[in-house]
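Visitor: Could you take me through one part of this structure slowly? I'd like to settle on a single strand and see what it is tied to.

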Amino acid sequence: MSQFTLSFEGNLAAKPELDYTATGQALCRLRVAHNRRRKTEGQWVDTTPMWAQVTAWGELAERCAELSKGDTVVVNARDDLNVWPFIRQDGTAGGVLEVTAENVSLSLRFAGAQPVADDRPATNAWDPTTAEPTTAEAERELQDA
């Protein structure tokens with residue numbers, strides 16, 4: 001069995017668009033620009049960005065809709081890729097990579113993150129309020145009894 005892996009980092013060029021199919025399945029479209037920078041003669045030079053149209057489905061789509069224009073994201077794509085060629089106004093050729101997201105996450109390379117309360121029920125998650133006490137805690141409880 002072969003494995004396909006495609007991951008890339010880029011900035012959201014627009015606010016994500018959340019939509020629902022006729023059957024109620026959530027989908028979110030993200031327009032991502034991967035800016036390529038090269039060092040030429042000691043100076044950083046921006047080259048033409050690679051554009052990607054990313055589609056996320058289900059719960060991932062609903063979470064992606066909370067992102068904002070300008071956020072730096074890391075996209076892990078599935079193996080269903082398409083490339084759509086186009087001609088820029090200056091006459092040069094370009095293309096848009098169309099991918100389906102396996103996962104989308106915020107990149108912490110250029111910005112920090114703040115934890116956000118999660119109101120979803122914990123399923124199969126470690127719960128510190130019901131965790132077994134450490135050995136030291138158990139010994140103290142025995143001595144106090």
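What follows is a close look at strand S1 and its partners.

Visitor: Which strands does S1 pair with, and which residue forms a salt bridge with Glu 9?

Guide: Happy to, with one caveat up front: this is a predicted model. For orientation, the protein has two helices and nine strands, and from the N terminus the order is β-β-β-β-β-β-α-β-β-β-α. Strand S1 covers residues 6–12, and one of its partners is strand S7, residues 72–77. The two run antiparallel and share six bridges. If you want a spot to zoom in on, take Ser 7, whose bridge partner in S7 is Asn 76.

Now turn to strand S3, residues 26–34, which is also antiparallel to S1, with two bridges joining them. Here the residue to click on is Asn 11, which has Ala 33 as its bridge partner in S3. Links between distant positions show up across the whole protein too: among contacts with a separation of 6 or more, 60% are between residues 24 or more positions apart.

Then there's the side-chain link. Glu 9 forms a salt bridge with Arg 109, and their closest N and O atoms are 3.1 Å apart. That pair connects distant parts of the chain, since Glu 9 sits in strand S1 while Arg 109 is in the loop between strand S9 (93–106) and helix H2 (135–144), 100 residues away. The two ends differ in how much they show: Glu 9 has a relative accessibility of 19% and counts as buried, whereas Arg 109 is exposed at 58%. Mind you, buried means under 20% here, so Glu 9 only makes it in with its 19%. Across the protein, 23% of the 145 residues count as buried.

For comparison, look at the other salt bridges, of which the structure holds four in total, the Glu 9 one included. Asp 46 and Arg 37 meet at 2.8 Å, N to O. Asp 46 is exposed, at 54% relative accessible area, and Arg 37 is partly exposed at 43%. Another joins Arg 63 and Glu 59 at 3.6 Å; both residues lie in helix H1 (residues 58–64), four residues apart, or about one turn of the helix. Arg 63 is partly exposed at 40%, and Glu 59 is exposed at 52%.

So, back on strand S1, you have Ser 7 bridged to Asn 76, Glu 9 in a salt bridge with Arg 109, and Asn 11 bridged to Ala 33.

Note on methods. Residues numbered from 1 in each chain as written. Predicted model: local features only at pLDDT ≥ 70, side-chain atom pairs only at ≥ 80, totals over all residues. Heavy atoms only, no water. Buried < 20%, exposed > 50% of the residue type's maximum accessible area, 1.4 Å probe, protein only. Contact = heavy atoms within 4.5 Å. Pairing = 2+ DSSP bridges. Salt bridge = Lys/Arg side-chain N within 4 Å of Asp/Glu carboxyl O.
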